[in-house]
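Q: Please take a close look at the helical part of this model and at the side-chain pairs that involve it. A connected account is wanted, with the reasoning behind each assignment made explicit.

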Amino acid sequence: MAATGRSAAIKVDWNKISSSLGLKGQTAASLQAFKKRNDDARRKVNALSQASQTVDFAAYRQTLNNTAIVDQIEAQFKKFKPQTYDVGRQIKAIEAFEAQAVKSAEETKGKVDVEMKDLEKTLKNIADTRPWEQITIDEFVAARPDVDKRTEELVSQGRWMVPGYKEKFGDLSIL
């Protein structure tokens with residue numbers, strides 16, 4: 001089981017996960033942090049598994065004058081049993097992270113779907129719009145009543161030109 005777990009962890013393509021799910025923001029940052037922790041743990045396990053696991057007590061007895069200390073250390077070493085850990089807490093943390101990532105991805109997908117529908121509606125509206133040359137003044141005023149109101153204000157004040165028009169577009173009176 002442990003060998004299978006190790007080989008599966010090595011085969012995870014983190015970039016493919018991020019790109020295929022389209023993760024962004026906090027979800028992508030959380031995944032990158034998890035990947036970094038995974039890589040660090042894998043490096044530590046590899047370093048520890050490659051380290052020498054035997055102690056040559058005979059060499060210490062030859063080097064040290066007080067062999068009683070070496071005997072005591074050897075006895076303690078032989079009594080030592082590695083501590084086993086319950087990984088249930090870590091598994092729960094991973095499952096919580098996965099649940100949060102899935103929830104964030106679903107929320108993002110929902111937001112993107114709503115935005116896509118809005119953009120499709122806008123594109124349809126743009127595609128269905130008649131050319132500018134075919135729109136009548138009445139239709140324009142119906143769509144933008146504020147323009148008609150502003151025009152009435154200017155005419156009632158005796159102003160026939162929009163302020164800044166000549167500066168922006170030039171004087172067309174000579175045509």
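A: Helix H5 has 13 residues, which at 1.5 Å a residue should span 18 Å, and its end C-alpha atoms are indeed 18 Å apart, so expectation and model agree. The model is a predicted one. At the N-terminal end of H5, Asn66 acts as a cap, with a side-chain oxygen 3.3 Å from the backbone nitrogen of Ala68.

Helix H5 is also joined to another helix through charged side chains. Asp71 forms a salt bridge with Arg61, and the closest N and O atoms of this pair are 2.8 Å apart. Because Asp71 lies in helix H5 (residues 67-79) and Arg61 in helix H4 (residues 57-63), the bridge ties together parts that are 10 residues apart in sequence. Asp71 has a relative accessible area of 36% and is therefore partly exposed. Arg61, at 28% relative accessibility, also counts as partly exposed.

The total for the model is 12 salt bridges. Another of them lies in helix H6, where the side chains of Lys109 and Asp113 meet at 3.0 Å, N to O. These two residues are 4 apart in H6, so about one helical turn separates Lys109 from Asp113. The general geometry accounts for this kind of pairing: an α-helix has 3.6 residues a turn, so residues three or four places apart point the same way. Lys109 is exposed, because its relative accessible area of 53% is over the 50% limit. Asp113, with a relative accessible area of 33%, is partly exposed. Returning to Arg61 and Asp71, salt bridges that share partners join these two residues with Glu74 and Lys78 into one network.

Helix H3 holds a further bridge, between the side chains of Arg42 and Asp39, at 3.8 Å from N to O. That value satisfies the criterion, because the limit for a salt bridge is 4 Å. Arg42 and Asp39 are 3 residues apart in H3, which means a separation of about one helical turn. Arg42 is partly exposed at a relative accessible area of 26%, whereas Asp39 is buried at 18%.

Thr27 is also placed in helix H3. Thr27 has a relative accessible area of 9% and is therefore buried. With neighbours within four places in sequence left aside, Thr27 is in contact with Ala101 and Ser104.

Aromatic side chains complete the account, with a count of 2 aromatic pairs. In one of them, the ring centres of Phe34 and Phe97 are 5.5 Å apart and the ring planes are at 15°, so the pair is stacked. Phe34 in helix H3 (residues 25-50) and Phe97 in helix H6 (residues 88-128) are 63 residues apart, and the pair links these distant parts of the chain. Phe34 has a relative accessible area of 19% and is buried, whereas Phe97, at 21%, counts as partly exposed. The two assignments differ because the limit for burial is 20%.

Terms used. Residues are numbered from 1 along each chain as its sequence is written. This is a predicted model: local features need pLDDT of at least 70, side-chain atom pairs count only at pLDDT 80 or more; totals for chains, interfaces and linings use all residues. Side-chain values use heavy atoms; hydrogens and water are left out. Rings of Phe, Tyr and Trp (its six-membered ring) pair if their centres lie within 6.5 Å; planes under 30 degrees apart count as stacked, over 60 as edge-to-face and the rest as tilted. Buried means under 20% relative accessible area, exposed over 50%, partly exposed in between (1.4 Å probe, protein chains only). Contact means heavy atoms within 4.5 Å. The expected span of a helix is 1.5 Å times one less than its number of residues. A polar contact is a pair of N or O atoms within 3.5 Å; within protein, one must be able to donate a hydrogen and the other to accept it, and residues adjacent in sequence count only if both atoms are side-chain atoms.
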